[in-house]
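Colleague: Could you give me a close look at one part of this model, the helices and the aromatic rings? Keep it loose, but keep the numbers in.

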Amino acid sequence: MSIPLKYGAIKQALVPKSDFNRYLVVFIAALVLLALWFGGSSVSEADGERLSLDLVDIPQIVLDKDAELARARNRNCSYWDCFNVYRCGQRGLAGTEEHERISIYVYPLKEYVDGDTRKPAFQLTKEFYTILKTIVNSPYYTANPNEACLFVPTLDTLNQNRIDVNLVGKALASLPYWENGENHILFNFIAGSAPDYNTVLDVNTDRAMILGSGFDSWTFRPGFDLPMPMFSSILEHHRLNAMNTDRKFLLVSSQLNIFQRQYRIMQELTYDFPNELLLLQRCPTTTVKAEESFDASRPIETASSPEELIKSIKDVRCNFPQGNEYEYPGVLESGQFCLIARGVRLSQPTLMDALAAGCIPVIMADNMILPFSEIIDWDLISIRIYENNLHSVITTLKAVSKERIQELRAQGAYVYDRYFSSLERIILTTLDQLNDRIFPHLSKTYMHWNVAKTQHSTQNPLFLPLIAPKSQGFTAVILTYDRIESLFILIQKLATVPSLQKILVIWNNQKKSPPHPSLFPKIGKPLKVIQTTANKLSNRFYPYEEIETEAILTIDDDIVMLTADELDFGYEVWREFPDRIVGFPSRTHVWDNATNRWRYESEWTNQISMVLTGAAFHHKYWSYMYTNAMPGNIKEWVDEHMNCEDIAMNFLVANVTNKPPIKVAPRKKFKCPECTNNEMLSADLNHMMERSACINRFAEIYGTMPLKTVEFRADPVLFKDNFPEKLKRFNDIGSL
């Protein structure tokens, strides 16, 4: 029978008795050091318990009159010099989702008071309490300050009118992890005070980020501060119908504090357009000004019942000059557009009220930084006009089409419901945006922020009436046979285009191998040569897996005269028309009464109906359609006759979209100076007749003529004007 060893026997067997206690002490000390090194916190800090937001028995911190004051706000702060990114990514194991996510520490609730007067530094409002609660309940929260990426002081700075600026500065400096405000975030809805009404919080915040509304281009620190909407407390107690189509007025102006000069212009417009403009002003009996003073934000300890709160914020306004009463914000449902003007404060809750009512915002504040402007495309939900153009606002809005109004209202309703419909959603959107900024490799795309899932579930750009993201750039697909010299010249020119992402050379010659990779020009962009198995013109439209961008530039190997500015501008135009063919050489088709057939015509006309794909942009969706869904035997006929693949693509796109192509820039003639006439397909005398035959054949297969004729050309603004080149973006644009 085996007898288990006693602890003492094991101890004596391993170490001498005299040294055991010493080794044990050293071992325990080593464990403690390792725990502090890897854990980075004490047991009380890392116990995983969330911050208690109980408002009972909040400890009071007395601020001495000689207490240190936080340093003044650093106006030149940027993400690169005032933010310590090395604090971030400390939670969880490296490579895990938890590790690559910001962690936010919220300071415990404390009441800061002046040591002499016992005056509180701030009053805790219901809105700020909701902000704290949302952060603590979010996946970004951490109870361990040593693993925190961001810190949130529990000082309510939402409304500068409700805080003691000096005491708040002292309270910030007293925070245990303040460190000159590094990686701290402060929330603010109303900044400044009378009579200056500064657009940024007048508190010594040092390096802290300001997450607030009302920024202008002078006070906003791009990439550092974060613009938020001014939360509208009124909307918590009013249900508005955003999709109400019964809109009596073209424009509703409901703000009570716009500048007198602007108000006088609006008064004059009411006489000229009495049925289109509703100009509201304060009624003689009105005493509540929730829009101006944020009075709906009440201290938490004095919050009234919902019925009393609704009664207190009920707002009645009168129209000019009749004086009829309208209840706000319900009156906004009667307007197609709502004016958002610069007032005594730059930001107003009217913007959120208008979106909630389905009233399209007309933003008239030249240097205003719009909420979440880094992620939300405000061009899709609002119209912006210059302050000097207020006198023509009605004329401008009358020119907006019904289709555009429907798009703006639908997108506005989607964005409001997703990001602005509650204070919780506003804060969670803010945290998501901060996370994208700190972990850019995991950041969400333009499509994620601005397009509903039901919209971007398909790859077809026809269902995306939006501007394509600029960051993706385009892939150039060069179809070539054996013109090596012009091919190399073209590759070198394409490599200078800023928006180019990749070059694919489609080698269409099966009898001759392409040049060795070492012979190709050395460029700073990816280049790949693909040798085809058959000499087909349709190879230029094959959906190669190497094409990762949405935009494709199809270009012939002899089109060496286009400049980098022309190609870059062509891509910018395509971004605005992603469902169309956008290119340089154009053609048209006309009906010949003598032959009762369609005739192919050159570009020397006012009308165009086709853009040749020898130098044109299109969405890669059309490459899939051309390869897999071309009607009849058009694709086979094109490959057999080695002609008209560009006409076939124009037919395909026009048939689906019912839209014409877009011609870019004035250049018309595309000739290869190094090529002889017998090398060019267009030199054939029968070329025009063959192209006319293609149009008639394709029209018979489609059973209709899908091509649309248009008199339109896209040119860069200012490119022909006598302005300094530094004021222009595209200077090198070719002529006819």
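Modeller: Sure. One cut-off up front: a residue is called buried when its relative accessible area is under 20%. Bear in mind that this is a predicted model.

Let's begin with helix 4, which covers residues 165–173. Its buried residues are Leu167, Val168, Gly169, Lys170, Ala171 and Leu172, so by that cut-off each of these has under 20% relative accessible area. As for what they pack against, the partners are strand 1 (60–63), strand 3 (111–114) and strand 5 (185–188). There's also a polar detail at the start of helix 4: a side-chain oxygen of aspartate 164 comes to within 3.1 Å of the backbone nitrogen of asparagine 166.

Now helix 18, residues 645–657. You can check its geometry by hand: 13 residues at 1.5 Å a residue should span 18 Å, and the end C-alpha atoms are 19 Å apart, which agrees. Helix 18 is mostly covered, with eleven of the 13 residues buried. Among those buried are Glu645, Asp646, Ile647, Phe651 and Thr657. The cover over them includes strand 21 (597–601), strand 22 (610–611) and strand 23 (615–619), and it also includes helix 16 (620–628), helix 17 (634–641) and helix 19 (687–702). Just after helix 18, asparagine 658 takes a positive phi of about 60 degrees.

On to the rings. A pair of aromatic rings is described by the distance of the centres and the angle of the planes. Rings count as paired if their centres lie within 6.5 Å, and by this rule there are 26 aromatic pairs. One of them is tyrosine 571 with tryptophan 574, a stacked pair at 6.1 Å centre to centre with 15 degrees between the planes. These two residues are three apart in helix 15 (residues 564–576), so about one helical turn separates tyrosine 571 from tryptophan 574. That fits the usual picture: an α-helix has 3.6 residues a turn, so residues three or four places apart point the same way. Both tyrosine 571 and tryptophan 574 are buried.

Tyrosine 621 and tryptophan 622 make an edge-to-face pair, because their planes are at 70 degrees, with the centres 5.2 Å apart. Tyrosine 621 and tryptophan 622 are both buried too. Elsewhere, ring pairs link Tyr105, Tyr107, Phe151 and Tyr177 into a cluster. And for a charge on a ring, look at arginine 317: its charged end sits over the ring of tyrosine 328, 3.8 Å from the ring's centre.

Terms used: Residues numbered from 1 in each chain as written. Predicted model: local features only at pLDDT ≥ 70, side-chain atom pairs only at ≥ 80, totals over all residues. Heavy atoms only, no water. Buried < 20%, exposed > 50% of the residue type's maximum accessible area, 1.4 Å probe, protein only. Helix = DSSP H or I, 4+ residues; strand = E, 2+ residues; numbered from the N terminus. Contact = heavy atoms within 4.5 Å. Polar contact = N/O pair within 3.5 Å; in protein donor to acceptor, adjacent residues only side chain to side chain. Expected span 1.5 Å × (residues − 1). Phe/Tyr/Trp six-rings, centres within 6.5 Å; stacked < 30°, edge-to-face > 60°. Lys NZ or Arg CZ within 6 Å of the ring centre and 35° of its normal.
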